[in-house]
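User: I would like to go through the labels on this model one at a time. For each label, give me the value and the cut-off behind it.

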Amino acid sequence: MVKRPTSFLVFNPNPMKRIYLFFLLISNSLISQNLENAAYKNLSLSDEERIDNLLDLMTLEEKIGQLSTPLGWPMYHKKNDFDVEVSKEFKDEVKLEKIGALWGTLRADPWTKKTLKNGLDPVLAAKATNAIQRYVIENTRLGIPLLLAEEAMHGHMAIGTTVFPSAIGQGSTWNPGLIEEMASIIAKEVRSQGAHIGYGPILDLAREPRWSRVEETFGEDPYLNAKLGVGVIKGFQGKDLKSGENVISTLKHFAAYGVSEGGHNGAAVRVGNRDLYSNYLYPFEEAIKTGAQSVMTAYSSIDGIPSTAHKELLTDVLKEKWGFDGFVVSDLGSIEGLIGDHKVAADNIEAAAMALKAGVDSDLGGKAYSSSLKEALSRDLIAEDDLNTAVRRILKLKFKMGLFENPYVDVEEVHNKVRTEEHIKLARQLARESIVLLKNEAVLPLSKKLKKIAVIGPNANNVYNQLGDYTAPQPEDNIVTVLEGIKNKLPEAEVLYEKGTAIRDTINTDIEAAVDIAKQAEVAIVVLGGSSARDFKTEYKETGAAKVSEKDSLLSDMESGEGFDRATLNLMGKQLDLLKAVKKTGTPTILVTIKGRPLLLNWPSKNIPAIVEAWYPGQEGGNAIADILFGDYNPAGRLPVSVPKSVGQLPVFYNQWPPKRHNYVEMDAEPLYPFGYGLSYSNFEYSDLEIQVNEDGSNTKVAIVFKVKNNSDVDGDEVVQLYLNDMVSSVVTPIKSLRGFQRAFMKAGEVKTFQFELEPNDLALFNTSMKKIVEKGEFLVMVGASSEDIKLKENFKLTEPIKLEE
């Protein structure tokens, strides 16, 4: 084969180098004649050999195109309810930009302007992606298939798919196995419609509740986030990406995105290296060990270096130290953000070069690289080897998924793989396991003999308020609200309903009507909280984040979701007024909160006898909440975040560094509800803690055994939690850190033995030289039902240090 000369020489302004043009034309002519038998099409060769051949054949423009991922939803045209075709815009992108991927092709929401009417149902979606692949394969020189990426954290963000609880609810399950089941279903739904990448898990730590994207995370703890994140990766990617039912997992957002200054989305992050490596990078490292194949950068900067230009993190740590062999993608528009937001680059050319050199392989948005890398190459800001390295990582995944051999999906099979009865059943189970019982003064479970029930509040019968951000439009019969769930549970009872007030708006309220039905009822169930529900009046930034607007006389409910950062954490509008008015009637009152972040519940915690936290429980949320309220399911969700009493306490995450926080003038420093907290209809008793240490250098094991008894007459789950404290260390370490947990079903009266094993990585710290090491000395093991409800304690000692890295 004739290898073409370095393509950038054609564009180099040096006249002496233009003599290569003649040889380049000859080379390309010979290559074109031989493409039918090109080595990259030979199945008997290894993927690396095929990639080598393809890189040799590609022009500079084709290479740059592989790194471009434009917005996908403008790339099809829906002809009617039965047929779809590629759009002119798509044809232009293929011809002019030679694109290698698309993002959000099947996405539907107010930002994309795709509705139930003009968007694609699952069958049309499969037809659309097939048409897109067919056009690329048949109308480009090399016929390289596209990678199609989709949002998929709590269900595929497309019409007709299953909607699971948001990630903060998933975090409340403390059940990695269940999360893996959910992820495998999401992957099947995404892949069956022709996409290949699922964005998720989101491994950011939610230590700043004012931040608008708390709902997208598993919570505040690195260990819990890592375990649940690994569940998502295993479910998404399975054992074989060629299975036709698995997708590439994209980790978000690298790194420390969730603790920006003031809770402002994408603002600067100020964390020290020890904190960064010990906490914020830990879930990502565990995810890479599991085999995650894609990582997304963050909008924020860390100690003055934007994540999208952070060579130390993206290349030195992620790719070289951790051995990550997948590809890094920018968050949407974050390469351009190096210019306008962070002001570390003067123009697109500098920004594109900076990102590529740092280790960003793919440009989400697709315009920074496509418009600027050629010029960056001619200015020697990057080398062609930099480009080849990035392209190789993209092509590797295309071969790994078998797209060159099987680029299409079976349209006839879509109905059997999307939103099936099995998927809906799992959505209900996950919602039940995610619900946290915060307070219960012998009020719950309710009797099924009740004759008249009042259901009140802005989130009692609002479809979109219980689904969270990154959710597609839904037919109403797909979602079960709290009102509907209660009616389903007690079909013979009279269920009265009044909204009472909105989430934010204070104009259109009718608290008197709510009070009236509460007086008539035997029990009042008040459903308050927040909302991440976007509407078609909302304005959006180029990144897709919502713009907060006060223009309309009627405020939307949305107070959470990307772009909706908060200055306070109070229940907004007149919600608390509504709750107080209902409570004043004397009717037994239960509070259910549906929301995306911790909100202040000080008054309810003192005055309402039962409080249920449901987060955004997804499409089966109403049924799941009714199951809890009426005793058909024993709640065992546990808080994955600490709930503050005041914004002035922040941060209140549990694994703080010493010294212990002292009280304020106005209040104590303790959270209202601590990390790991949650009640049950059962009672559990812990006993017989035993620890056995086997010191053997890097193979050291610490075995921990204890017993738990369900000391009640009610079957239920208990979530046992194991915390660790390094009692004396060379650097400051947390007062306690989660190092093990297990959710287990226990029959009434049953005694179960729990076993955990700690390894050196669980005991390690980063010393004064930033080397990972296990120091000798004493460690305190704490076992209990939450970070504050410790039932058993015991020390163990290591006599020798253990080096984990040189």
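User: What stands opposite glycine 716 in E22?

Analyst: Methionine 746 does. This is a predicted model, and every value below is computed from it.

User: What makes strand E21 and E22 a pair?

Analyst: Two strands pair if DSSP finds at least two bridges between them. E21 (residues 716-726) and E22 are joined over 9 bridges. That meets the rule, so they count as paired. The sense is antiparallel.

User: Why is E22 called largely enclosed?

Analyst: Buried means under 20% relative accessible area. In E22, 8 of the 10 residues are buried, so the strand is largely enclosed by the rest of the structure. One residue of E22 (residues 737-746) is phenylalanine 741. Phenylalanine 741 has 11% relative accessibility and therefore counts as buried.

User: How many aromatic pairs are there?

Analyst: The count comes to 21. One of them joins tryptophan 174 and phenylalanine 741.

User: Why is the pair of tryptophan 174 and phenylalanine 741 called edge-to-face?

Analyst: The ring centres are 5.3 Å apart. Pairing needs centres within 6.5 Å, so the rings pair. The planes stand at 80 degrees. Planes over 60 degrees apart count as edge-to-face, so that label applies.

User: What does the pair of tryptophan 174 and phenylalanine 741 tie together?

Analyst: Tryptophan 174 lies in the loop between helix H6 (167-173) and H7, and phenylalanine 741 lies in E22, so the pair ties together parts 567 residues apart in sequence. Tryptophan 174 is at 1% relative accessibility, so it counts as buried. Both rings belong to one aromatic cluster, which also holds Tyr223, Tyr654, Phe675 and Tyr723.

User: How do you know that tryptophan 211 and tyrosine 257 form an edge-to-face pair?

Analyst: Their centres are 5.3 Å apart, with 80 degrees between the planes. The limits are within 6.5 Å for pairing and over 60 degrees for edge-to-face. Both are met, so the label holds. Tryptophan 211 sits in the loop between E6 and H8, and tyrosine 257 in the loop between E7 and helix H9 (273-280), 46 residues apart. Both residues are buried.

User: What makes serine 212 buried?

Analyst: The cut-off is under 20% relative accessible area. Serine 212 is at 0%, so it is buried. Serine 212 lies in the loop between strand E6 (197-202) and helix H8 (222-237).

User: Why is the link between serine 212 and aspartate 565 called a polar contact?

Analyst: A polar contact needs a pair of N or O atoms within 3.5 Å, one able to donate a hydrogen and the other to accept it. The side chains of serine 212 and aspartate 565 are joined at 2.8 Å, so the distance is inside that limit. Beyond its neighbours within four places in sequence, serine 212 also contacts other residues, including Gly263, Asn265 and Arg597.

User: Is glutamate 216 buried or exposed?

Analyst: Glutamate 216 is at 8% relative accessibility, so it counts as buried. This residue is in the loop between E6 and H8. Its side chain makes a polar contact of 2.7 Å with that of arginine 213. Glutamate 216 also touches residues outside its sequence neighbourhood, among them Met153, Tyr470 and Glu562.

User: What makes lysine 252 count as a charge over the ring of tyrosine 470?

Analyst: NZ of Lys must be within 6 Å of the ring centre and within 35 degrees of the ring normal. Lysine 252 lies over the face of tyrosine 470 at 5.5 Å from the ring centre, so the distance passes. Arginine 661 lies over the face of phenylalanine 653, also at 5.5 Å from the ring centre.

User: Why is strand E7 called mostly covered?

Analyst: In E7 (residues 248-254), 7 of the 7 residues are buried. E7 pairs with strand E8 (residues 294-297) in the parallel sense over 3 bridges. Leucine 251 stands opposite valine 295 in E8.

User: Where is leucine 318, and what makes it buried?

Analyst: Leucine 318 is in helix H11 (residues 311-321). Its relative accessible area is 1%, so it is buried. Leucine 318 and valine 295 are 23 residues apart in sequence and 9.3 Å apart in space, C-alpha to C-alpha. Contacts of leucine 318 include Phe254, Ile288 and Val295.

User: Which residues have the most contacts inside the largest nonpolar core?

Analyst: Phe90 and Phe254 do, in a core of 171 residues. Helix H7 (residues 176-192) gives the most to this core, with 8 residues. Apart from it lies another core of 34 residues, among them Ile435 and Tyr681.

Key
Residues are numbered from 1 along each chain as its sequence is written. This is a predicted model: local features need pLDDT of at least 70, side-chain atom pairs count only at pLDDT 80 or more; totals for chains, interfaces and linings use all residues. Side-chain values use heavy atoms; hydrogens and water are left out. A nonpolar core is a set of buried Ala, Val, Leu, Ile, Met, Phe, Trp, Tyr and Cys residues joined through side-chain atoms within 4.5 Å. Buried means under 20% relative accessible area, exposed over 50%, partly exposed in between (1.4 Å probe, protein chains only). Helices (H or I, at least four residues) and strands (E, at least two) are DSSP runs, numbered from the N terminus. Contact means heavy atoms within 4.5 Å. Rings of Phe, Tyr and Trp (its six-membered ring) pair if their centres lie within 6.5 Å; planes under 30 degrees apart count as stacked, over 60 as edge-to-face and the rest as tilted.
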